[in-house]
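Here are a few exercises to work through with the model open beside you. Try each task first, then follow the solution step by step.

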Amino acid sequence: MTKNQVTLSPLGHYAEGMPWNPVEKVIMERRSIRGFRKQPLPDAMIRRILEAARFAPSAGNAQPWKFIVVKSPEMLAEMEKDARRFIKLLMFFLDYTRGGTLRRMLVRPLSKLFIRFRYNEFHPVPFGLMSQIAQDKTPVFHGAPTLILILEDRRGVSAPPTDVGVCGQNMVLAAHSLGAGTCWIGLVKLLMYYRKWRKRFGVKYPYQLNDCIAVGWQKPRADRQVPREVQMVSWFDKGLADPPRVEQQGA
Ligand SMILES: Cc1cc2nc3c(=O)[nH]c(=O)nc-3n(C[C@H](O)[C@H](O)[C@H](O)COP(=O)(O)O)c2cc1C
């Protein structure tokens, strides 16, 4: 689909080969935005994005979430400073890709051990991002004028993190459809190592904070499209004992 495609199919209708409809267009076009204008979105627009979150599906309709909007420039600056400080400390002990040979030799075993036990948090992608942040090459919150924190209620039904993901996705899609830019920021969880932020945001059992969404007007240069993997999808559409038909999804 090209960005300027103007012919859109109506909603609630399907015909093979038809152009994307407006909802599909929003899904396909949304990108993570990592450069924001200073001016925040109007409050009414933020409330509208929050409405999209409130209407998200959740297991057992438990709605295991709570939202916090941070617009205060002083608080945003402090959050950026503290997250960066923590990342610098972490990378001082763990970034085995930097420094002289001796440092690398000493840091590497500790780092590998850490990565082994906290694989998700220290996967090469967040590790690389944190290394960049520690070198002051990129900010944590991308200078966003508003952060929407999603607190997860651990008492939710089945898998509350899934519900949080679904509700966050509702927000980023709604924001994009309204002309705003967003970026999920998983690194916000690092602030939870500070008592002052846990207290300020009231994060204690049953709540925990793993993600937030940076939202605002994007700077003119939009982030480029990132590649998507081709998926090999198994289709079980014959008998009980028949093997699946494996189909390539995407090109
Ligand atoms: C749960 C979650 C956490 C993320 N955390 C960060 C983050 O801390 N910093 C960041 O710059 N991007 C973060 N992202 C954005 C991803 O890097 C981005 O979605 C991915 O590269 C795909 O690019 P796209 O969103 O432009 O399609 C996060 C995305 C998700 C879904």
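**Exercise 1. Three loop residues**

Task: Decide whether Asp136 is buried or exposed, then look at its backbone and do likewise for Ser158 and Pro244.

Solution. Step 1: Asp136 counts as exposed because 9 other C-beta atoms lie within 10 Å; the scale calls a residue buried at 20 or more other C-beta atoms within 10 Å of its own, exposed at 12 or fewer, and partly exposed in between, with C-beta atoms placed from the backbone. Before going on, two notes on reading the model. Residues are numbered from 1 along each chain as its sequence is written. The model is predicted, so local features need pLDDT of at least 70 and side-chain atom pairs count only at pLDDT 80 or more, while totals for chains, interfaces and linings use all residues.

Step 2: Asp136 sits in the loop between helix H5 (124-134) and E2; helices (H or I, at least four residues) and strands (E, at least two) are DSSP runs, numbered from the N terminus. Asp136 has a positive phi of about 60°, although it is not a glycine. Most residues other than glycine have a negative phi, and most peptide bonds are trans.

Step 3: Ser158 belongs to the loop between E2 and H6. Its phi is also positive, about 65°, and it is not a glycine. With 11 C-beta neighbours inside 10 Å, Ser158 is exposed.

Step 4: Pro244 is in the loop between strand E5 (231-235) and strand E6 (245-249). It has 11 other C-beta atoms within 10 Å, so it is exposed. Leaving out residues up to four places away in sequence, Pro244 touches Ser234, Trp235 and Phe236, where contact means C-beta atoms, placed from the backbone, within 7 Å.

**Exercise 2. A peptide bond to check**

Task: Is the peptide bond from Tyr205 to Pro206 cis or trans?

Solution. Step 1: The bond is cis, with omega near 10°. Step 2: Pro206 lies in the loop between helix H7 (195-200) and E4.

**Exercise 3. Build the sheet**

Task: Work out in which order the four strands of the open sheet are arranged.

Solution. Step 1: The order is E1-E2-E4-E3, with antiparallel pairing; strands pair if DSSP finds at least two bridges between them. Step 2: Strand E1 (65-70) and E3 are at the edges with a single partner strand each, so one side of each has no neighbour in the sheet. Step 3: On average, neighbouring strands are turned by 25° against each other, direction ignored; axes are lines fitted to C-alpha atoms, for helices over the stretch in contact, and angles run from 0 to 180 degrees between N-to-C directions.

Step 4: E3 pairs with strand E4 (residues 207-216) in the antiparallel sense over five bridges. Within this pairing, Trp184 has Ile213 of E4 as its bridge partner. Step 5: Although E3 is an edge strand, it is mostly covered, with four of its five residues buried.

**Exercise 4. The helix across the sheet**

Task: Which strands does H6 lie across, and which residues of H2 and H6 make the contact between these helices?

Solution. Step 1: H6 lies across E1, strand E2 (146-153), E3 and E4, and runs at about 155° to E2. Step 2: The axes of helix H2 (residues 43-54) and helix H6 (residues 160-177) come within 7 Å and cross at roughly 145°. Step 3: From H2, the contact uses Arg48, Ile49, Ala52 and Ala53; from H6, it uses Cys167, Asn170, Met171, Ala174 and Ala175. Step 4: These residues divide into seven nonpolar, one polar and one charged. Here Ala, Val, Leu, Ile, Met, Phe, Trp, Tyr, Cys and Pro count as nonpolar, Asp, Glu, Lys and Arg as charged, and the others, Gly among them, as polar.

**Exercise 5. Around the ligand**

Task: Find which strand gives the most residues to the shell around the ligand.

Solution. Step 1: Strand E3 (residues 181-185) gives the most, with three residues. Step 2: Eleven residues surround the ligand, and Arg31, Ser32, Trp184, Gly186 and Leu187 come nearest; a residue is near if its C-beta atom, placed from the backbone, lies within 6 Å. Step 3: By class, the shell has five nonpolar, two polar and four charged residues.

Methods
Two residues are in contact if their C-beta atoms, placed from the backbone, lie within 7 Å.
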